[in-house]
Amino acid sequence: MSSERNLPNILITGTPGTGKSTLAELAAQDAGLSYINVGTLVKERLLHEGYDEDYQSYILDDDKVIDEMEEQMSKGGNIVDFHSCELFPERWFDLILVLRTDNTILYDRLVARNYPQNKITENIECEIFQVVLEEARESYAPEKVVELQSNSVDDMDSNASRIEKWIEDWKARKQ
Ligand SMILES: Nc1ncnc2c1ncn2[C@@H]1O[C@H](COP(=O)(O)OP(=O)(O)OP(=O)(O)O)[C@@H](O)[C@H]1O
Ligand SMILES: [Mg+2]
């Protein structure tokens, strides 16, 4: 429960390539919160059931991921970065930010990463059909879900400032 925490937990989610890691690292640094990249955690702590060669991604073991993160999440003060959001317990997060990027911009970012064509197509479709936004709206209270544009460096800076202000407001409400 948020009332048991002295610092908030924020989830930054969105289609791969929308800029989650870039923004989450920046915001965590600015606010002095911990940054958790779930993809990296899964790889390092082997919280998966194998690797999908076609999509070049790990098949998550949700229960292992949640067990691994539970203690740190219950303490608060985390900015979590992952391209999906329905696996996490709703109680963990005070704010869910869904990053959005225009298709042509996202396409260029994915090409620049040398992603296989099937993965590029899948991710572009994911963004067009706002899959992650719908998932967030179904998994969390609507007032906690906020969509943020992530097309430019200016967007990134304004998003980071917005997060910093939101954290300050959350702390002020706690006192
Ligand atoms: N707001 C932005 N404006 C311009 N470029 C950006 C922005 N955010 C991120 N980028 C660039 O886009 C690329 C993808 O960003 P990033 O790795 O942060 O995405 P991600 O959402 O974490 O992707 P993944 O889900 O695959 O980890 C990087 O090259 C990054 O520098
Ligand atoms: Mg990332």
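In strand 7, the residue V145 is the bridge partner of I96. That pair belongs to a wider connection: strand 6 and strand 7 run parallel and are joined by five bridges. Please keep in mind throughout that this is a predicted model.

On strand 6 there is a second connection to consider. Strand 1, residues 9-14, runs parallel to strand 6, residues 95-100, and five bridges link the two. Within this pairing, T13 stands opposite V98 of strand 6. As a general remark, the strands of a sheet pair through backbone hydrogen bonds, in either a parallel or an antiparallel manner.

Let me now turn to the sheet as a whole. In what order do the five strands of the open sheet lie? The order is 2-5-1-6-7, and the pairing is parallel. Strand 2, at 34-37, and strand 7, at 145-149, are the edge strands, each of which pairs on one side only. From one strand to the next, the twist averages 20 degrees.

Which helix packs on this sheet, touching strand 1, strand 2, strand 5 and strand 6? That is helix 1, formed by residues 20-31. Its direction makes about 170 degrees with that of strand 5, which covers 78-81.

Helix 1 also brings us to the ligand. Ligand 1 has 15 residues around it, and those that come nearest are P16, G19, K20, S21 and T22. Two elements, helix 1 and helix 7 (153-174), give two or more residues each to this shell. By character, the shell around ligand 1 consists of nine polar, three nonpolar and three charged residues.

I shall close with the chain in its entirety. Seven helices and seven strands make up its elements. Read from the N terminus, they follow the pattern β-α-β-α-β-β-α-β-β-α-α-α-β-α. Why may the chain be called as compact as a globular protein of its length? Its radius of gyration is 16 Å, close to the 16 Å given by the globule rule for 175 residues, and therefore the description applies. The C-alpha trace spans about 50 × 35 × 30 Å along its principal axes.

Two further values describe the interior and the contacts. Of the 175 residues, 31% count as buried. Among contacts in the chain with a separation of 6 or more, 75% come from residues 24 or more positions apart.

How values were computed. Residues numbered from 1 in each chain as written. Chains lettered and ligands numbered in written order. Predicted model: local features only at pLDDT ≥ 70, side-chain atom pairs only at ≥ 80, totals over all residues. Pairing = 2+ DSSP bridges. Helix = DSSP H or I, 4+ residues; strand = E, 2+ residues; numbered from the N terminus. Axes fitted to C-alpha atoms, helices over the stretch in contact; angles between N-to-C directions. Contact = placed C-beta atoms within 7 Å. Rg over C-alpha atoms; globule rule 2.2 N^0.38 Å. Buried ≥ 20, exposed ≤ 12 C-beta atoms within 10 Å, placed from the backbone. Near = placed C-beta within 6 Å. Nonpolar A, V, L, I, M, F, W, Y, C, P; charged D, E, K, R; others polar.
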